[in-house]
Amino acid sequence: MYPQLFNGKSSPQSMFETSTTRRHPIGTGGYTDDGRRFHYASLVDTTAIGPNKLAQMCPPVAAHVSETGTLTGTTVASTSESYKTITAVLGATAAYLDEYENGLLKIESATTGAGQAWRIPSHVAVASAGTLSFQTRDKIVTATSGTTTWSLLHNPWGSVVIQPDTITAPAAGVTLVNWPAATTAAPNFGWLQTWGLCAILIDTTAIVAGHGAVAGAVAGALGVAVETEILQRIAIGVEAMGTDNV
């Protein structure tokens, strides 16, 4: 089955296959006529994600968040609607090719201009402590000034990983087929389900119809939501299930 795109066209890639060739921009949305929703994602992790497993967003890179005083580029002060070039000096961790494509550069604090976020397009690989330079059409509402602290945010569906048993980022979606292990030099691409009826691994016998579910204690699985826990609610059970069922 091939998801329909919001431009009215059908995707050339089935929801039941992965590919080493990218067919859409990361984060592209799709749907089927039964109400299910999907987002186009990438995997660069060396750990495969089996079918009917929960995938997680890429965890933040410590050397790429809350960086202070390294955002440059005179166009950061521009309020025009034209392309603006922004450059940011990374911390001591490299960024691989298109790692932050369709993600955001967020201004965490500054004398002026805090709270803004600009979309990052396709970009080249950047060495450790190197300079990431990109052009964005997002409007600079307020010029930045003073000491500036910024973070790079991955697109929610870029460089996903299997949901670990200890949560390190929000959930991204559910795999419908096996996603083979990959690398930053040879990614895999495919569709993750993000809405609608879905089969997914659970790690508990406490799921019954109408119960909420969160990321479980087993990688890629769901567990029962506990009212007193402040965790991302991912799904609602539609039937009672036994451990390790989908």
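User: How many helices and how many strands are there in the protein?
Analyst: This is a predicted model, and what follows describes that model. When its secondary structure is counted, the protein turns out to have strands but zero helices, and the number of strands is 17.

User: What is the radius of gyration of the protein, and what does the globule rule give for 246 residues?
Analyst: The globule rule gives 18 Å for 246 residues, and the value for the protein is close to that, so the protein is as compact as a globular protein of that length. Along its principal axes, the C-alpha trace spans about 60 × 45 × 30 Å. The radius of gyration itself is 20 Å.

User: Is Trp179 buried or exposed?
Analyst: Trp179 is found in the loop between strand S13 (171-174) and strand S14 (188-195). Leaving aside residues up to four places away in sequence, Trp179 touches a list of residues that includes Thr18, Leu43, Ile49, Phe189 and Trp191. Residues count as buried when their relative accessible area is under 20%, and because Trp179 has a relative accessibility of 1%, it counts as buried.

User: Which side chain of opposite charge is nearest to Glu67?
Analyst: Glu67 is found in strand S5 (residues 67-68), and it touches, among others beyond four places away in sequence, Leu90, Thr148 and Trp150. Although Glu67 is buried, it has no salt bridge. The nearest side chain of opposite charge is 13 Å away, and that side chain is Lys106.

User: With which side chain does Lys106 meet in a salt bridge?
Analyst: Lys106 counts as partly exposed, because its relative accessibility is 30%. Its partner is also partly exposed, with a relative accessible area of 32%. The two side chains meet at 3.9 Å, N to O, and the partner is Glu108.

User: How many residues apart in sequence are the parts that Glu101 and Arg22 tie together?
Analyst: The side chains of Glu101 and Arg22 meet in a salt bridge at 2.4 Å, N to O. Glu101 lies in the loop between strand S7 (84-89) and strand S8 (103-109), while Arg22 lies in the loop between strand S1 (4-5) and strand S2 (29-31), so the pair ties together parts whose separation in sequence is 79 residues.

User: Which residue of the salt bridge between Asp34 and Arg36 is buried?
Analyst: The side chains of Asp34 and Arg36 meet at 2.9 Å, N to O. Asp34 is partly exposed, since its relative accessible area is 48%. With a relative accessible area of 17%, the buried residue is Arg36.

Definitions and conventions
Residues are numbered from 1 along each chain as its sequence is written. This is a predicted model: local features need pLDDT of at least 70, side-chain atom pairs count only at pLDDT 80 or more; totals for chains, interfaces and linings use all residues. Side-chain values use heavy atoms; hydrogens and water are left out. Helices (H or I, at least four residues) and strands (E, at least two) are DSSP runs, numbered from the N terminus. The radius of gyration is taken over C-alpha atoms; the globule rule is 2.2 Å times the number of residues to the power 0.38. Buried means under 20% relative accessible area, exposed over 50%, partly exposed in between (1.4 Å probe, protein chains only). Lys and Arg count as positive and Asp and Glu as negative; His and the chain ends are not counted. A salt bridge is a side-chain nitrogen of Lys or Arg within 4 Å of a carboxyl oxygen of Asp or Glu. Contact means heavy atoms within 4.5 Å.
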